[in-house]
2 protein chains.
Amino acid sequence: MNRRVFTNESVGPGQVMNVTGEKGHHFARVLRLRDGEALVVAAANGPHAAVVTSVDAKRGEVTLQIGDPVERRDPAVPVYLVQSFAKGDKVDDVVEKCTELGVAGFCVLPTQRSIGQLTGERLTARLARWRRIAAEAAGQAQRDAVPSVDWYPGLSALDGYLEDVQPGLLLLLDEQETTCGIRTALKEALTQSAPLRSVVLMVGPEGGWDERERAWLRQAGAQSITIGQRILRTETAGLVAASAVLYEIGELGG
Amino acid sequence: MNRRVFTNESVGPGQVMNVTGEKGHHFARVLRLRDGEALVVAAANGPHAAVVTSVDAKRGEVTLQIGDPVERRDPAVPVYLVQSFAKGDKVDDVVEKCTELGVAGFCVLPTQRSIGQLTGERLTARLARWRRIAAEAAGQAQRDAVPSVDWYPGLSALDGYLEDVQPGLLLLLDEQETTCGIRTALKEALTQSAPLRSVVLMVGPEGGWDERERAWLRQAGAQSITIGQRILRTETAGLVAASAVLYEIGELGG
């Protein structure tokens, strides 16, 4: 299977693309693209076939000849994950595995009952690490784009984010909810006349959401759901719920 | 939420249960049960409420008073995972997260393209480790039973296993399959007149199944399926596929 490289630019068949600077360095010296290698360039306007026509590893410059578009692989309905921060490498695993699965973007944030904190240089370093993990997993999984990974200092800071994403369905995974399952919520949303724009899944900390957080989230339009009777760890719940969403919308194989 | 302890015995309301030996040691000194603590005893005949009526930590003896049965939490249709061995702690993660989700049992086995091998003492130690992980995750997730974890020396050794489990549906996750999705296979199985007995999911190694393995598995009744267009790592595929199965059969919340 051809390797994937990601670019935020749009490309077109026949175009010659010179990649220099940081990206050129990355392509030539980190990914070690080889002259003549067939690739997929996952561009802003979709994935395209491409061939490497020159590599100058010393200067960090690569030239690609862009070919035809190839089939898109990312889900047609974007699924986002809002993940309560958890200590250790738990969020690393969440970002890696949910990127493979097809999650479109991640918001990580501290919640009332989060264990561990991230500020200053440690936050900067960790965010860079999550983004690197997302880029690697996106390449490995043959995604069309690298998911965004962002840090929000708290729940109220999500206001702007929710305005940007305009979620078609905002689901709050809540261990106190015993009636409404994720299946009911999804099937109901899919019977609406308007197509489902996006799904945002919110996963709380090990100790669960705080009452004020629940109130704030419901005010913001979130619907509390259960994903079954087993109690999942915070680092497992997002992947399971996202699998359920992608399955229901036909993105885990027809 | 009350803690869970597991026993292979059957219990009944009013019964006084003396736990001694290795199990008593585990209850008194590892789990540190406290006198008067309310528990759930996940027994062979289902989970029951219980109260600790005495603890002798020195002798490793605990007495429990069994109460009424409580609601079962394990899926009504068992889902088993056959996982190709992978090096590092990948199988640890698979066992942990799939146990939380509700998988009924694991077969780990080397396949043609597995990386890494396990034999002798290393195998014994690793198997003990997987079983410990399964027991801990089962308690944490409030399961009704600890999933079995077994090692098979190769694919052909699965013959007896498949005879025991008598899978209602044997699904081979196969990156070469592009047509039949897990959804089609599940929905078809669920429209049969006989209720679905069990589902066995088979996850190959990073390099995929070998042609002879595919032939052997098809002969054994396996159906090749895709779980979508993103390429999942071997340690991610089982959890995603098991989530899809449990979602479809109504076990991830109604």
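This tour moves through selected helices and residues of chains A and B, naming at each stop what to select and what is found there. The model is a predicted one.

**Stop 1: helix α7 of chain B**

Begin by selecting residues 234-248 of chain B, which form helix α7. The helix has 15 residues, and the distance from its first C-alpha to its last is 22 Å, close to the 21 Å expected at 1.5 Å a residue. Colouring by accessibility will show a mostly covered helix, for 15 of the 15 residues of α7(B) are buried. Past the end of the helix, select Gly250(B), which follows α7(B) and has a positive phi, near 85°.

**Stop 2: where α7(A) meets α7(B)**

Keep α7(B) on display and add residues 234-248 of chain A, helix α7 of that chain. The two helices pack with their axes 9 Å apart, at an angle of about 60°. That angle makes α7(A) oblique to α7(B). The crossing of α7(A) past α7(B) is right-handed.

To view the contact itself, show the side chains on both helices. On α7(A), the residues that take part are Thr236(A), Leu239(A), Val240(A), Ser243(A), Ala244(A), Tyr247(A) and Glu248(A). They meet Thr236(B), Leu239(B), Val240(B), Ser243(B), Ala244(B), Tyr247(B) and Glu248(B) of α7(B). By class, this contact of α7(A) with α7(B) comprises eight nonpolar, four polar and two charged residues.

**Stop 3: α5 against α7 in chain A**

Remain on α7(A) and select residues 182-190 of chain A, helix α5. The axes of α5(A) and α7(A) come within 11 Å and cross at roughly 35°. In this pair, α5(A) passes α7(A) in a right-handed crossing. From α5(A), the contact draws on Ile182(A), Leu186(A), Lys187(A) and Leu190(A); from α7(A), it draws on Ala241(A), Ala244(A), Val245(A) and Glu248(A). The residues of the contact between α5(A) and α7(A) comprise six nonpolar, no polar and two charged. Two residues of α7(A) deserve a label here: Ala244(A) and Glu248(A) belong to this contact with α5(A), and both also take part in the contact with α7(B).

**Stop 4: helix α3 of chain B**

Return to chain B and select residues 120-140, helix α3. At 1.5 Å a residue, its 21 residues should span 30 Å, and the end C-alpha atoms lie 31 Å apart, which agrees. Among the buried residues of α3(B) are Leu123(B), Leu127(B), Trp130(B) and Ile133(B). Arg126(B) and Gly139(B) are also buried. To see what covers the buried residues, display elements including β1 (3-6), α2 (90-101), β7 (105-109) and β8 (148-151) of chain B. Just after the helix, Gln142(B) takes a positive phi of about 65°.

**Stop 5: α2 beside α3 in chain B**

Among the covering elements, isolate α2(B). The axes of α2(B) and α3(B) are 8 Å apart, and the helices pack at an angle of about 25°. The two are therefore roughly parallel to each other. Their crossing is right-handed. On the α2(B) side, select Val91(B), Asp92(B), Val95(B), Glu96(B), Thr99(B) and Glu100(B). The residues they meet in α3(B) include Arg126(B), Arg129(B), Trp130(B), Ile133(B) and Gln140(B). The contact of α2(B) with α3(B) has seven nonpolar, two polar and five charged residues.

**Stop 6: three single residues**

Select Leu64(A), in strand β5 (residues 61-69) of chain A. Is Leu64(A) buried or exposed? Its relative accessibility is 0%, so Leu64(A) counts as buried. Beyond its neighbours within four places in sequence, its contacts include Val16(A), Met17(A), Phe27(A), Leu33(A), Leu39(A) and Val52(A).

Next, select Asp210(A), in the loop between β10 (199-203) and α6 (211-219) of chain A. Asp210(A) is buried, because its relative accessible area of 10% is under 20%. Leaving aside neighbours within four places in sequence, Asp210(A) is in contact with Gln112(A) and Arg113(A).

Finish at Val70(B), in the loop between β5 (61-69) and β6 (79-84) of chain B. At 32% relative accessibility, Val70(B) counts as partly exposed. A C-alpha to C-alpha distance drawn from Val70(B) to Gly46(B) reads 7.9 Å, although 24 residues separate them in sequence. Outside its neighbours within four places in sequence, Val70(B) is in contact with Arg4(B), Val40(B), Pro47(B), His48(B) and Ala49(B).

Definitions and conventions:
Residues numbered from 1 in each chain as written. Chains lettered and ligands numbered in written order. Predicted model: local features only at pLDDT ≥ 70, side-chain atom pairs only at ≥ 80, totals over all residues. Heavy atoms only, no water. Helix = DSSP H or I, 4+ residues; strand = E, 2+ residues; numbered from the N terminus. Expected span 1.5 Å × (residues − 1). Buried < 20%, exposed > 50% of the residue type's maximum accessible area, 1.4 Å probe, protein only. Contact = heavy atoms within 4.5 Å. Axes fitted to C-alpha atoms, helices over the stretch in contact; angles between N-to-C directions. Parallel < 35°, antiparallel > 145°, perpendicular 65-115°, else oblique. Left-handed = near helix turned anticlockwise from the far one by under 90°. Nonpolar A, V, L, I, M, F, W, Y, C, P; charged D, E, K, R; others polar.
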